[in-house]
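Here are my notes for you on this one. Have a look at the picture first, then read on.

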Amino acid sequence: TTLVRVYRGAVEVTPLRKGPSGVPKSSPGKPRSPWPPKDVKGPDDVQGPRDVTLAEWLEIVKAQQQILIRPDGFYQKSDFNPEEDAASEWVRWNQARDRLLR
């Protein structure tokens, strides 16, 4: 489960892209999974192509919004209060790091 909060600007959230084996594709330059290889069952039939709505492929989360993404791919988008969020020690530390980068 992942929670993303957007303070400024917008974040684009798209579906997980998987390779032919059904395993998520690695980004260039990023390490692959730390788990050792294991045997997997043979191929399964998959649903054929179908028309999807733009909303199914792209969700924009804008400033003062958050998106909670569950492992099964379902998500919930809502607003959040940045003042309440700033009460978190981790959020204050992260914001201080952001200021150092500017």
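The numbered points below go from the overall layout to a few residue pairs.

1. Before anything else: this is a predicted model, where local features need pLDDT of at least 70, side-chain atom pairs count only at pLDDT 80 or more, and totals for chains, interfaces and linings use all residues. Residues are numbered from 1 along each chain as its sequence is written, and side-chain values use heavy atoms, with hydrogens and water left out.

2. The protein has three helices and five strands. (Both are DSSP runs numbered from the N terminus: helices are H or I with at least four residues, strands are E with at least two.) Starting at the N terminus, you meet them in the order β-β-α-β-β-β-α-α.

3. Now the sheet. It is open, with three strands in the order β1-β4-β5 and antiparallel pairing; two strands pair if DSSP finds at least two bridges between them. β1 and β5 (75–79) are the edge strands, each pairing on one side only. From one strand to the next, the twist averages 15°. (Here axes are lines fitted to C-alpha atoms, for helices over the stretch in contact, and angles run from 0 to 180 degrees between N-to-C directions.) β1 and β4 (residues 65–69) are joined by five bridges, and Val-4 sits opposite Ile-67 in β4.

4. Which residue forms a salt bridge with Arg-5? It's Asp-85, and the closest N and O atoms are 2.2 Å apart. (A salt bridge is a side-chain nitrogen of Lys or Arg within 4 Å of a carboxyl oxygen of Asp or Glu.) Asp-85 belongs to helix α2 (residues 82–85) and Arg-5 to strand β1 (residues 2–6), so the pair ties together parts 80 residues apart in sequence. Asp-85 is buried at 9% relative accessible area, while Arg-5 is partly exposed at 33%. (Buried means under 20%, exposed over 50%, partly exposed in between, with a 1.4 Å probe and protein chains only.)

5. There is one aromatic pair to look at as well. (Rings of Phe, Tyr and Trp, the last by its six-membered ring, pair if their centres lie within 6.5 Å; planes under 30 degrees apart are stacked, over 60 edge-to-face, the rest tilted.) The ring centres of Tyr-7 and Phe-80 are 5.3 Å apart and the planes are at 80°, so this pair is edge-to-face. Tyr-7 is in the loop between β1 and β2 (10–13) and Phe-80 in the loop between β5 and α2, 73 residues apart. Phe-80 is buried at 10% relative accessibility; Tyr-7 is partly exposed at 28%.
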